[in-house]
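The exercises below ask you to read a protein model step by step, with the sequence and the structure open beside you. Try each task before reading its solution.

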Amino acid sequence: MSLHLQRRARAVDALASAGIDFLVAGRQDHINYITGAHQLWTAGARPFGPVCTLNVATGEIFLLSTWDEGVPDDIDLDHLHGITWSGAIIYQRLAATPGIAAAQRVGIDAWSPGMAGLLSAVAPNAEIVPADDILLEARRTKLPSEVDAIRAACAVAAAGAQAALVHHGTDAQRLAAGVEAMALAGSSTPAAEPQAEGNIVDFSCIRSHYEGGLGRTANGAPPAARPHASLIAACVPGATGHDLRLAAPDGDWLVRGLGMGFEPPVINSRYGAHETLEANMVVSVSATTGAEYARDTVLVTESTPEILSPEEP
Amino acid sequence: MSNPPTGAAAELELDVGRLRRERYAKLQAQMAADGLDALVLLHGPHVAYATDCLPIAADATHVSANRPVAVVLADQSQPCLLGGDPNGLDVDPHPAVWPDIDEGAADLGAQLDAILGQSAHGGRVGIDLMTGAMRRTGVLSAADITDAANTMAAVKLHKTVDELACIHQAQVRTSAAMATVQEALVPGVRRSELAAVFLRRLREEGIDANMIDVIFQPMARRMADGPRTTTGHLAFPTWSGDPVYAEGDLIWVDAGSDYHGYASDFGRTWVVGRPPTPAEQRCFERWLAVMDASYEAIVPGATFAEVCAAATAADAAHQPHGERPWMPHFYLVHGVGIESAEMPFLGTDNGPDFDAANTLEPGMVLVLEPAIWDDGTGGYRSEEIVAITDDGWIPLGGGHPYDPFEVPT
């Protein structure tokens, strides 16, 4: 089964288990997870709107896309809705979507007062509930092909970091060299904002829907002595956020999920003490001690953690 | 026929203090008109409008994870900024929040209760977005919530002089980066190589916020050979992987980047490695005629419908089926500002009644993007930006050549 259909099956199972019979998604990462569609990347988070609907019982999907370029074959042209600028058309389409009128529980991945009113009108019998947590829970552990995609994205980010580290210009010039190298290596879309400040760099990208990234300090310590080494070692199945706090160095640190972009859990000195790591989760692990910063992308395995980002730079 | 317009906007100079003061005063006035006690803003461009804390040009998941939040209270002299970097801003700073996770949303709720005081209990509060975590943790559950979208749409529709200066700068710098890219467009080059040049050059032009994965889309010469569409018309702009361009390929270019939170919109048509054929050049000349007719019709007080009618009439001789000279899933004109596409929209699927009911007003910014298509030949599409003045319009950016197409003398 193709990767996006495996992912969709996970999402459908999770939604069904939560008693949600209809999903209205507006966040691109959730839409990518479910549909596998390659849509144009834009920076920044959009306002909430109904970009994709999923009838949980039938699996029927409608996707906002004027064309089938980048859309997997399992979503036919007659299940694409063209871009619209009309609120009336958005309403008519939603109202005509099979299953929504009778839905009892409609899941949404964000909320605005205007959209809440619209959804109440088209699903008059439904409770409108947030479902972002259900989808993110389903996304938390990664399939083998997802890990491969993350590893490939890490290699692209490493090309950017390397170019910025060896460049001897200003920080702005090093950033320019880094984003140029990343584009040549396979991604013109950043995950986080690239960083080059003094001898510290951090580069990340989204490549074919998946994030990869790493951070380095020029002339920093060898891998085993980097600021986040103790945190990486602590990323084992069953480790809690509290365990990670005990393993963390003095200074800023963050362990957070990574997959189709930034994902939960978020574990730092303030949040996430109750979270528990599982095998096949992928996390970004970063820490700063003194003047040294390091970040890597790490796969939690049944044995020792596997670092997916290249050791060099 | 016209060369790309140039002129007056070059004299616009950004005064950041004035930009902030004038926007904030407009926001306060609109809140009073809308009867709002408070505005709570999470959408990045809205936060920037209220506080000048600029949006980060990163993936949506990163931007939303620990996004800054702006709170504007009626009659308060400055906005509250939760998170973000308050250095150098005229804001009341508050700790960062993580509204996408339940613990962070609970923190946000507590901060909002403290900032809003009595307004959190029955006050009229406009908000533009809530995360699932905010819904789960009951953020602002005791307030009288309304959508902030209308308030924001009203204030951003007419630009201040500093907003025009920002759009002008965004467009000038994006155009400068694209001039280098066009030199790199030779047979055998890949899309990723052009993107690399563009992203480097943008930063060299002082822009670190690229807002859309830059588009160099090779166009099939016949619609039937391109992607299938819901409109039966063109597919543009699509995701297109990493094609290698060959001599004679027809490339439609589209890019947008931010200068001080304001978007550029660069559109051009290029041909790889050779001059345009006479048939391709004719498409360009039809496009110029549509632009000239549109420029002529753009005056304060004109209805959207009048501009659309003028543009349509200019190409009517080439349209046996009465089609309009723009892509049916888009528009003849869209606005630009803190969003890459915002009101005014002319010629959309909002329909003729909408276009007849709305008029151009001073301070509106228009991106003209007609598109000409001659099936079998291909087509021509470029974009130009103008700002409506009291008695006409001025170009923003502007002057970027139409090479390799030639403007007839």
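The following exercises deal with a predicted model, and each task is followed by a worked solution.

**Exercise 1. The build of each chain**

Task: Find how many helices and strands chain B has, and decide how its radius of gyration stands to the globule rule.

Solution: Begin with the secondary structure, where chain B shows 11 helices and 19 strands. Next, take the radius of gyration of chain B, which is 23 Å and close to the 22 Å that the globule rule gives for 409 residues, so chain B is as compact as a globular protein of that length. The C-alpha trace of chain B spans about 70 × 45 × 40 Å along its principal axes, and buried residues account for 58% of its 409 residues. Finally, consider the contacts in chain B with a separation of 6 or more, of which 69% join residues 24 or more positions apart.

Task: Carry out the corresponding steps for chain A, starting from its helices and strands.

Solution: Chain A has 9 helices and 14 strands. Its radius of gyration is 21 Å, close to the 20 Å that the globule rule gives for 313 residues, and therefore chain A is as compact as a globular protein of that length. Along the principal axes, the C-alpha atoms of chain A fill a box of roughly 60 × 40 × 40 Å, while 59% of its 313 residues count as buried. Among contacts in chain A with a separation of 6 or more, 63% are between residues 24 or more positions apart.

**Exercise 2. Two packed helices**

Task: Describe how helix 1 and helix 2 of chain B pack, and name the residues that make the contact.

Solution: Two packed helices are described by the angle between their axes and the distance between the axes. Helix 1 (residues 16-34) and helix 2 (residues 44-51) of chain B have axes 7 Å apart and an angle of about 105 degrees. Because angles of 65 to 115 degrees count as roughly perpendicular, helix 1 of chain B is roughly perpendicular to helix 2 of chain B. On the side of helix 1, the contact is made by B:Arg23, B:Tyr24, B:Lys26 and B:Leu27, and on the side of helix 2 by B:Ala48, B:Tyr49 and B:Ala50. Sorted by character, these contact residues are 5 nonpolar, no polar and 2 charged.

**Exercise 3. The largest nonpolar core**

Task: Which residues have the most contacts inside the largest nonpolar core, and which helix of chain B gives the most to this core?

Solution: The largest nonpolar core has 46 residues, and B:Trp252, B:Leu360 and B:Leu366 have the most contacts inside it. Several elements of chain B each supply at least two residues of this core, including strand 9 (250-255), helix 10 (304-314) and strand 15 (365-368). Helix 9 of chain B gives the most, with 8 residues. To follow one member further, note that B:Leu360, leaving aside its neighbours within four places in sequence, is in contact with residues including B:Val307, B:Leu346, B:Leu366 and B:Ile388.

**Exercise 4. A helix and its surroundings**

Task: Is helix 2 of chain A largely enclosed or open?

Solution: Count the buried residues in helix 2 (residues 28-35) of chain A: 8 of the 8 are buried, so this helix is largely enclosed by the rest of the structure. Among them are A:His30, A:Tyr33 and A:Ile34. Just after helix 2 of chain A, A:Gly36 takes a positive phi of about 75 degrees.

Terms used:
Residues numbered from 1 in each chain as written. Chains lettered and ligands numbered in written order. Predicted model: local features only at pLDDT ≥ 70, side-chain atom pairs only at ≥ 80, totals over all residues. Heavy atoms only, no water. Axes fitted to C-alpha atoms, helices over the stretch in contact; angles between N-to-C directions. Helix = DSSP H or I, 4+ residues; strand = E, 2+ residues; numbered from the N terminus. Parallel < 35°, antiparallel > 145°, perpendicular 65-115°, else oblique. Contact = heavy atoms within 4.5 Å. Nonpolar A, V, L, I, M, F, W, Y, C, P; charged D, E, K, R; others polar. Core = buried A, V, L, I, M, F, W, Y, C linked by side-chain atoms within 4.5 Å. Buried < 20%, exposed > 50% of the residue type's maximum accessible area, 1.4 Å probe, protein only. Rg over C-alpha atoms; globule rule 2.2 N^0.38 Å.
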